[in-house]
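Student: Could we go through this structure together, with attention to what each word means? I would like to see how each label follows from its definition.

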Amino acid sequence: MELLYKSTRNAEKTVTASEAILKGLADDGGLFVPVSIPTLDVTLEELKEMSYQETAYEVMKKFLTDFTEEELKDCIAKAYDSKFDTEEIAPLAKADGTYYLELFHGATIAFKDMALSILPHLLTTSAKKNHVKNEIVILTATSGDTGKAALAGFADVEGTKIIVFYPKNGVSKVQELQMVTQKGANTTVVAIHGNFDCAQSGVKAIFENKELAKELDAAGYQFSSANSINIGRLVPQIVYYVYAYAKLLQNEEIAAGEEINVVVPTGNFGNILAAYFAKHMGIPIDKLICASNENKVLFDFFQTGTYDKNREFILTNSPSMDILISSNLERLIYFIAGCDAGKNSELMKALKEKGVYGLTEDMKANLFDFAAGYATEAEVREMIADIYKKTGYVIDTHTAVAAKVCKAYQEESKDTKKTVIASTASPYKFARSVMTSIDEKYDALEEFDLIDELQKVSCVDMPNAIKEIKDAEILHTRECDADKMEATVKEILKV
Ligand SMILES: *Cc1c(COP(=O)(O)O)cnc(C)c1O
């Protein structure tokens, strides 16, 4: 049966999966959602025997129904190959009684690789299916990890160009080096003078600019998005929650049907939304626990039912979560409003105009799948040190936000269900924060000496992603003001 997609802001129009992937964002500024969440065709018993790639096929075929079996399997095979440094693709590690789903074994050592290694293939397949003649220009705003993962995924992919905007002072040293050393004739990286929300709003405004779209079309270009607003990002992220459950079952850590909890360090709300989809596809997940850093707009939202971005933006030691406008929350708002596009549009308008909106009592009652918490920078440091001292396992700052929230949730709720924490980045990506959490003496060291020390304490080999940037040439030095993004894009494309 064909699954179609609608905009969260328009109940009328439907598009196919490949059209939704190509467009990224709907014309009305809404996000694409499937008209219903499909269920899996296979049992948990069957899933438990499957490889990551096989699981990916079972999950993704239910969402991308206009892809043929051959097309989808081809995309999966090209994405989940030796770019990942482990055959399992997303291994589960157990430390201190909790399971860490390691989503950082891809080319850029953060969880964004899980979706961005397949998105270029989904997109170029979609372009072929829809007879697109234009060159596709991927515009991406990044809080640090999406940018590199998208650059790596799209570099030298025929028929595409990619432009990435990152906040000049809002990413880690390793994150910045990874981006500015990116090779590929079709890649451009721009540092903006502003924070991630500026970058994301700027990209959204460019997408919504119909005049610009016409000018681009005349020049043989069209935009698409590699941000998690693209349904082609969200769908591949559902896979690893299904896979994690199946692995727990296979390893006899849980009994068939036993409910688990999932804790996700959250920024743009994409990763945790994928867990929500996995739950509604039929995976026995009880609570989806949303973990925030000091930019705790989501924690307050789940507490009060009011989303209020009017607050100070804080730069923290988990920079990929320094976000006040969580784009993907719009999809959840749409679902908890009973798929009411009118209601959702009204709230998104309020968010845009006043920076705040409140849920109705009915909508609030539909949030029962979720719990939420937040961790301060000091708590993050303490958590990293604590887990390291107890178990020898080293986690990154984002994962530590989740670990802290997990612990607080368990203590407070007395909920003893087995828990999976989405481990979203390699500690190597945030070496300074991680090592100084373990011992302040490391602060005296240079970045790459810190990395050597991390290798010693973690007993985990330095990932290729780090080796690559050690002596790489800086290839991108472009900067721009946040209100000049459109002009910069035109300059780059020469339109
Ligand atoms: C992007 C990112 C997050 C936040 O994920 P969202 O899908 O935006 O909520 C968390 N941790 C790391 C390391 C990330 O790169």
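**Labels and their definitions**

Tutor: The chain has 22 helices and 16 strands, where helices (H or I, at least four residues) and strands (E, at least two) are DSSP runs numbered from the N terminus. This is a predicted model, in which local features need pLDDT of at least 70 and side-chain atom pairs count only at pLDDT 80 or more, while totals for chains, interfaces and linings use all residues. Residues are numbered from 1 along each chain as its sequence is written, and side-chain values use heavy atoms, with hydrogens and water left out.

Student: How do you know that the radius of gyration agrees with that of a compact globule?

Tutor: The radius of gyration is taken over C-alpha atoms, and the globule rule is 2.2 Å times the number of residues to the power 0.38. For 495 residues a compact globule would have a value near 23 Å, and the chain has 21 Å, which is why the two are said to agree. Along the principal axes, the C-alpha atoms fill a box of roughly 60 × 50 × 45 Å.

Student: What makes strand 1 and strand 3 a pair?

Tutor: Two strands pair if DSSP finds at least two bridges between them. Strand 1 (residues 5-7) and strand 3 have 3 bridges in the antiparallel sense, so they meet that definition. One of the residues concerned is Ser7, whose bridge partner in strand 3 is Phe32.

Student: Which order do the strands of this open sheet take, and which of them are its edge strands?

Tutor: The open sheet has 3 strands in the order 2-1-3, with antiparallel pairing. Strand 2 (10-15) and strand 3 (32-34) are the edge strands, because each pairs on one side only. From one strand to the next, the twist averages 40°, where axes are lines fitted to C-alpha atoms, for helices over the stretch in contact, and angles run from 0 to 180 degrees between N-to-C directions. Helix 14 (residues 329-336) packs on the sheet and touches strand 1 and strand 3, contact meaning heavy atoms within 4.5 Å. The direction of helix 14 makes about 45° with that of strand 3.

Student: What makes a space a pocket or a cavity?

Tutor: On a 1 Å grid over the protein atoms alone, a cavity is a set of points where a 1.4 Å probe fits but cannot get out, whereas a pocket is an open set with protein on both sides within 12 Å along at least five of seven lines; lining residues have an atom within 4 Å of a point. Grid points are joined across faces, edges and corners, and a volume is the space filled by probe spheres set on the points. By this reckoning the largest pocket holds about 600 Å³. It is lined by 30 residues, and those closest to its centre are Lys83, Ala107, Thr108, Ala152 and Glu468.

Student: Why is Ala107 counted as nonpolar and Lys83 as charged?

Tutor: Ala, Val, Leu, Ile, Met, Phe, Trp, Tyr, Cys and Pro count as nonpolar, Asp, Glu, Lys and Arg as charged, and the others, Gly among them, as polar, so an Ala is nonpolar and a Lys is charged. The lining of the largest pocket divides into 14 nonpolar, 10 polar and 6 charged residues.

Student: How many cavities of 30 Å³ or more are there?

Tutor: The structure holds 3 of them, and the largest cavity has a volume of about 270 Å³. Helix 12 gives the most to the lining of the largest cavity, with 3 residues.
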